[in-house]
Amino acid sequence: MRKPKLPGVIGGLGITFKTMLKPAVTVQYPHEREDPPTRARGVIALKEENCTVCMLCGRSCPDWCIYIEGHKEKRPPRREGGRDRTVSVLDRFDIDYALCMYCGICVEVCPFDALFWSPDYEYSESNIAKLLHDKRKLGEWMETVPEPEPLEIGAEVKK
Amino acid sequence: MIPAVHSLLALEIGWGTTLAIKTVMILMIVPLTALVLGYVFLLKMMSHMQSRLGPMDPGGFHGWFQLVGDGIKFIQKEDIIPGEADRRVFAIAPAIVVISTFLVFLVIPAGPDIVVKDLNVGVFYALAVSSLSVIGVLMAGWASANKFALLGALRAAAQLIAYELPLLLAVVGVVIQCGTMNLQGIVAFQSTGAIFGWSGIGFPLIFTQFIGFALFLIASQAELTQTPFDMPVAESELVAGYMVEYTGFRFLFFFIGEFGTAFAFSAIAATLYLGGWALPASWGISLGVMRFLGPLVLFAKIMAVSFLMFWVRFTYPRLREDQLQALAWKFLIPIGLINILLTGVFKVAF
């Protein structure tokens, strides 16, 4: 036999009363902080030594919010008697977070693992122009990038 | 009130001073109680029922200063009167709503002699005066020259008049049982009464008039235009009903009126059904002590009744306009009449 149910009108009062006695789920933000999940898309960080100024990120950005400038430098040859090597040096790497829409295409497209997602989210500014962050600032965010999560069981490890 | 002050300070207080003290008390009580109810229930209880905290920062301790700050903000705002509005009526309307609340507090006793005017027709007066606010609401809606305001005001008028009846019928049961309309008399009846000869907790009328108590709460919920009966201010249909054109301190008046009236109705319910300021006479507490304890006892009972009112308010969604009218005319009024009949029969039988 089915248990006789309370009418919904009374049950609703019970629900609100029970909810009132439970602790609230609110996090009092400036006083206490939640830890965002490790894969949260907070802000984009730059690992400068990996960057080869290939411009793929800047060209794939739908908002054109990445500004890259670089120049070529001669370096001594690796082997004795060889030709001088040419390396690209990054002069400027700015992301305009007033334009960025956090699509993550630049992070996906980077062939040398120079761009990473960081879960840091507290970088608001009082002036929209100050949201243009340079490579020094982007490099500082590298410290907040978490270690990649361990692979799932059975996943193929890249050789 | 005045003999209490006499006995406390051993002072001679003249007629003018008495009047001044009474006026100040009444003028203070409506905004203060509106603040208390607004903070305790609207800001805090509703938040916790929705699993959030509500304001926490203003004032340092659990956001107690939030409503005071809101009041200051409202006073600073520009007083806008629409160009097409009937300026004089538009300006007076909020005051009428608040005045009807002030007038209710005149007869509510908070102690053996703490009452502004101990009327013989106290219950009748309180209900008559509380329905004055309909006029203010209608004036506000009509004078705003806004179709939403007018619709809201008409809904309010239809609703307040419809629910005036069950309110009155519910109270008639109490009046029959006590044989008096004097609120002090009703309090005394409940304090000195006995349930089948046992006078341990006096005789709160909620035990015999529980139908009346439920009717009174439902009807007062509608009188206060609180959810589930808030069609006059239904924000999703009528923006804010009759208040839509009001800004600044005139809007604040409506807000104070709403919560002050909620407190007033809770006070009437606490007095009629829960024994008012009095503790059971058999406990043997002297009247001198009750002068100071009475207001606290009444306040505790009022908060209990307000808790019921606001609990319902924060739980239910809005009814439809026809459901609202059907509830009043098809259910509440017949039940009220049956309650009167039963009360009369039992009064004669016992």
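**Overall fold and two helix pairs of chain B**

Chain B has a radius of gyration of 21 Å, which agrees with the value near 20 Å that a compact globule of 350 residues would have. The model described here is a predicted one. Along its principal axes, the C-alpha trace of chain B spans about 65 × 55 × 45 Å. Of the 350 residues in this chain, 45% count as buried.

A reader following the chain from its start will meet helices and no strands: chain B holds 13 helices and zero strands. Written along the sequence, the pattern is α-α-α-α-α-α-α-α-α-α-α-α-α. Among the contacts in chain B with a separation of 6 or more, 79% are between residues 24 or more positions apart. Two helix pairs give a useful view of how such contacts look up close.

The first pair to visit is α2(B) with α12(B). Helix α2 of chain B covers residues 15-49 and helix α12 of chain B covers residues 287-315; their axes come within 10 Å and cross at roughly 45 degrees. Because this angle is neither under 35 degrees nor in the range from 65 to 115, α2(B) counts as oblique to α12(B). The crossing of α2(B) with α12(B) is right-handed. On the α2(B) side, the residues that meet α12(B) are Leu37(B), Phe41(B), Met45(B), Met46(B) and Met49(B). Their partners in α12(B) are Ser306(B), Phe310(B) and Phe314(B). Sorted by character, the residues of this contact comprise seven nonpolar, one polar and no charged.

The second pair is α4(B) with α11(B). Here helix α4 of chain B, residues 87-104, and helix α11 of chain B, residues 248-273, have axes that come within 8 Å and cross at roughly 25 degrees. Since angles under 35 degrees count as roughly parallel, α4(B) is roughly parallel to α11(B). α4(B) passes α11(B) in a left-handed crossing, whereas the crossing of α2(B) with α12(B) is right-handed. From α4(B), the contact draws on Pro94(B), Ala95(B), Val97(B), Val98(B), Thr101(B) and Val104(B). These meet Arg250(B), Phe253(B), Phe254(B), Ile256(B), Gly257(B), Gly260(B), Thr261(B) and Ala264(B) in α11(B). The residues of the contact between α4(B) and α11(B) divide into nine nonpolar, four polar and one charged.

Note on methods
Residues are numbered from 1 along each chain as its sequence is written. Chains are lettered from A and ligands numbered from 1 in the order in which they are written. This is a predicted model: local features need pLDDT of at least 70, side-chain atom pairs count only at pLDDT 80 or more; totals for chains, interfaces and linings use all residues. Helices (H or I, at least four residues) and strands (E, at least two) are DSSP runs, numbered from the N terminus. The radius of gyration is taken over C-alpha atoms; the globule rule is 2.2 Å times the number of residues to the power 0.38. A residue is buried if 20 or more other C-beta atoms lie within 10 Å of its own, exposed if 12 or fewer, and partly exposed in between; C-beta atoms are placed from the backbone. Two residues are in contact if their C-beta atoms, placed from the backbone, lie within 7 Å. Axes are lines fitted to C-alpha atoms, for helices over the stretch in contact, and angles run from 0 to 180 degrees between N-to-C directions. Angles under 35 degrees count as roughly parallel, over 145 as roughly antiparallel, 65 to 115 as roughly perpendicular and the rest as oblique. A crossing is left-handed if the near helix is turned anticlockwise from the far one by less than a right angle, and right-handed if clockwise. Ala, Val, Leu, Ile, Met, Phe, Trp, Tyr, Cys and Pro count as nonpolar, Asp, Glu, Lys and Arg as charged, and the others, Gly among them, as polar.
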